Structure formats: C-alpha cells, structure tokens
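Work through these exercises with the model open beside you. Try each task before reading its solution.

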Amino acid sequence: MKIEELSIEGAWRIVSPQFGDPRGLFMEWYRHDHLAEAVGHPLDLRQANLSVSAKDVVRGIHFADVPPGQAKYVTCVRGAVLDLIVDLRVGSPSFGTWEFVRLDDTDRHGVYLAEGLGHGFCALTDDATLNYLCSATYSPGHEHSVHPLDPDLGIDWPAEIPQLSDRDAAAPSLADAISTGLLPDYDTCVSYYASLNRQ
C-alpha cells in the first residue's frame, strides 16, 4: 500500500495493490497501521457511509466544525467519480485551493481527508458508489456546506449540467462563509491534529 500526500496539506491518495487471477481479485483497501504511519495518528472510526449517485450529480462541498471535525477515508466501489478536496481552513497557506482525485472501480484508489478540509465529488458514471469511513458521527448542527459552483472557487466540474441537492444549491458562497465565521480556523485544525498525534 502506498500513501501519497496531495498538494493540499492533510489530504492523501491511497494506492493499494490488487492481486488477480481468472477467479477475480483481492486487495487490502484499508490498513489502520499504514494510514496512521502516514498521517501521524490512527483513524478513530465512528461511522461508515455509502452513497450512490447518477452521472453528473455533484455533492458537496461539505465540512464540519473543528473540533471534532470529521476526517474521511473515501473509496469508489462502483463506477467512477472525481473526488474533490478543498482547503477551507482560514489562514492555511493553501486556503481556497482545490484538487481532484479520480476514484473508480478499476484502479480502486482511496482518499483520506483530515478534519477541516472540504469534500465533494462529481459522479462520472451512473450508480457511482462511494464508501466513507468517518472519524465522527453525523452531527447536523456542526456540519456545513459551501456552494460547489461558487465562481470564486472556480472548480472545473466535468458535468455539463451539475445536479445538486437542495441543501447544496442553497449553500453559502465562500465569501459569505468567511464573513459569517463559518469556516474552520487553520491554527485550530493544526492544534487538533497535534492532539490526535499524542493519543
């Protein structure tokens, strides 16, 4: 298993070898010890989610208050998506930048996002199915969104007509999220990561 840090601090791509023969294939798609070595602490698994999306569905950009935030380990078990990481941590050197990682059922890569980062994706196929391992349970009052089509972010979604949920379509712009103090603070996130590293 190879775990590569992406251009945004706190995000990693996970590449797992696949072993196949005429019967099928086998792979380890998650190893707590390898992930902990890369990110500095184990993933405290509290919830697992599954989502299924039609082609051109865009979900996100979602994030949670830090602490505790919600770290995510994401894999695609059917179809393909462009998975999105956005640095929403105010004060971060890469604040406002984003990166895509293709996740699909061929390469079977994964993505890990630390607490405080924004997450979203665009389904490239029908029935695109994602598995999420999460470090915290769903907490409605502490989970937020930024509008995925905000021109200030300039995300180059591959969908001709992105299909959004009502919640995501009503999400605030990045500027509004900044002005209302909705976004995580970078120094607070870094301190929180350090506290996890000591556990």
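**Exercise 1. Is D150 buried or exposed, and what is its relative accessible area?**

Solution. The model is a predicted one. Start with the location: D150 sits in the loop that runs between β13 (143-145) and α2 (166-169). Next, take the accessibility. D150 has a relative accessible area of 6%. The cut-off for buried is under 20%. D150 is therefore buried, loop position or not.

Now list its partners. Leaving out residues up to four places away in sequence, D150 touches S173, L174 and A175. Finally, compare with D166. The two residues are 16 apart in sequence, and their C-alpha atoms lie 15 Å apart.

**Exercise 2. Describe helix α4 and find which residues in it are buried.**

Solution. Begin with the length. Helix α4 covers residues 186-197, 12 in number. From first C-alpha to last it reaches 17 Å, close to the expected 16 Å.

Look at the start of the helix. There, a side-chain oxygen of D185 comes to within 3.2 Å of the backbone nitrogen of D187.

Then pick out the buried positions: Y186, C189, Y192, Y193 and L196. Viewed down the axis of α4, the buried residues fall within an arc of 120°, so they line one face of the helix. The spacing follows a general rule: an α-helix has 3.6 residues a turn, so residues three or four places apart point the same way.

**Exercise 3. How many disulfides does the whole structure hold? Check two cysteines.**

Solution. The search returns 0 disulfides. Take C122 to begin with. The nearest cysteine sulfur belongs to C76 and is 12 Å away. C122 is buried, at a relative accessible area of 0%.

Turn to C189, in α4. Its closest cysteine sulfur is in C134, at 16 Å, which is too far for a bond. C189 is also buried, with a relative accessible area of 0%. For scale, a disulfide requires the sulfur atoms to be within 2.5 Å.

**Exercise 4. Characterise the fold of the protein chain as a whole.**

Solution. Count the elements: the chain has 4 helices and 13 strands. Then test compactness. The radius of gyration is 16 Å, close to the 16 Å from the globule rule for 199 residues, so the chain is as compact as a globular protein of that length.

Add the dimensions. Along its principal axes, the C-alpha trace spans about 55 × 45 × 30 Å. Of the 199 residues, 48% count as buried.

Last, examine the contacts. Among those between residues at least 6 apart in sequence, 78% join residues at least 24 apart.

How values were computed. Residues numbered from 1 in each chain as written. Predicted model: local features only at pLDDT ≥ 70, side-chain atom pairs only at ≥ 80, totals over all residues. Heavy atoms only, no water. Helix = DSSP H or I, 4+ residues; strand = E, 2+ residues; numbered from the N terminus. Expected span 1.5 Å × (residues − 1). Buried < 20%, exposed > 50% of the residue type's maximum accessible area, 1.4 Å probe, protein only. Arc of directions from axis to C-beta. Polar contact = N/O pair within 3.5 Å; in protein donor to acceptor, adjacent residues only side chain to side chain. Rg over C-alpha atoms; globule rule 2.2 N^0.38 Å. Contact = heavy atoms within 4.5 Å.
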